[in-house]
Amino acid sequence: MINDFTEMPVWQKAMDIAEKCFNISEPLPRKEDYALTSQLRRSAESISANIAEGFGRRTSKDKSRFYDISRGSAFETKSHLIYGVRVKYFKETDYLEIKNIIDEVIHEINKITSYLNRQQP
């Protein structure tokens with residue numbers, strides 16, 4: 001039984017995504033501080049934050065809503081990373097490493113929300 005969101009493997013992977021996105025965006029040019037850097041970091045951090053918030057909600061419907069928001073943030077993060085590769089800010093190998101974790105997180109969130117949706121009346 002999981003007693004705290006920090007024990008959830010999906011939250012731990014989401015934190016890995018946020019950390020890796022922070023590191024990959026660190027060398028970006030200053031002109032990107034309020035553009036790609038900020039957007040990437042915010043969307044990546046939102047994945048774990050919404051998983052944590054969902055964990056703290058009482059009803060299956062409420063929990064599911066926050067896990068869905070987290071899932072959306074994962075897709076947004078992937079989009080920012082793809083853009084970064086296309087404009088040559090990020091190496092494809094770095095992108096693929098993070099993308100694989102994002103895909104795992106999305107898969108795990110899908111399983112959680114499917115279970116929660118079955119619990120709703």
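From the N terminus on, the elements of the chain follow the order α-α-α-α, and the secondary structure of this predicted model accordingly comprises 4 helices and 0 strands. Along its principal axes, the C-alpha trace of the chain spans about 50 × 25 × 25 Å. The radius of gyration of the chain is 15 Å, which agrees with the value near 14 Å that a compact globule of 121 residues would have. Of the 121 residues in the chain, 40% are buried. When contacts between residues at least 6 apart in sequence are considered, 70% of them join residues at least 24 apart.

The packing of helix 2 (residues 33–56) against helix 3 (60–86) was examined next. The axes of helix 2 and helix 3 are 8 Å apart, and the two helices pack at an angle of about 160°. Because angles over 145 degrees count as roughly antiparallel, helix 2 and helix 3 are assigned to that class. The crossing in which helix 2 passes helix 3 is left-handed, and the residues of the contact between these helices divide into 12 nonpolar, 10 polar and 3 charged.

Helix 3 also packs with helix 4 (92–119). The axes of helix 3 and helix 4 come within 9 Å and cross at roughly 165°, so that these two helices are likewise roughly antiparallel to each other. Helix 3 and helix 4 cross in a left-handed sense, and the residues of their contact comprise 13 nonpolar, 8 polar and 7 charged.

Individual residues within the helices were then considered, beginning with helix 2. Asp33 is placed in helix 2 and is partly exposed, since its relative accessible area is 23%, a value that lies between the limits of 20% for buried and 50% for exposed residues. The C-alpha atom of Asp33 is separated by 15 Å from that of Ala44, a residue 11 places away along the chain. Thr37, which also lies in helix 2, counts as buried because its relative accessibility is 6%. When neighbours within four places in sequence are left aside, the contacts of Thr37 are with Ser25, Leu28 and Glu32.

In helix 3, attention was given to Lys78, a residue whose relative accessible area of 15% places it among the buried residues, for which the limit is under 20%. Leaving aside neighbours within four places in sequence, Lys78 is in contact with Tyr95, Lys99, Ile102 and Asp103, and these partners can be read together with the range of helix 4, which covers residues 92–119.

The connection between these two helices contains a further feature of the backbone. Lys88 is located in the loop between helix 3 and helix 4, and its relative accessibility of 71% means that this residue counts as exposed, whereas Lys78 in helix 3 is buried. Most residues other than glycine have a negative phi. Lys88, although it is not a glycine, has a positive phi of about 70°.

Definitions and conventions
Residues are numbered from 1 along each chain as its sequence is written. This is a predicted model: local features need pLDDT of at least 70, side-chain atom pairs count only at pLDDT 80 or more; totals for chains, interfaces and linings use all residues. Side-chain values use heavy atoms; hydrogens and water are left out. Buried means under 20% relative accessible area, exposed over 50%, partly exposed in between (1.4 Å probe, protein chains only). Axes are lines fitted to C-alpha atoms, for helices over the stretch in contact, and angles run from 0 to 180 degrees between N-to-C directions. Angles under 35 degrees count as roughly parallel, over 145 as roughly antiparallel, 65 to 115 as roughly perpendicular and the rest as oblique. A crossing is left-handed if the near helix is turned anticlockwise from the far one by less than a right angle, and right-handed if clockwise. Ala, Val, Leu, Ile, Met, Phe, Trp, Tyr, Cys and Pro count as nonpolar, Asp, Glu, Lys and Arg as charged, and the others, Gly among them, as polar. Contact means heavy atoms within 4.5 Å. The radius of gyration is taken over C-alpha atoms; the globule rule is 2.2 Å times the number of residues to the power 0.38.
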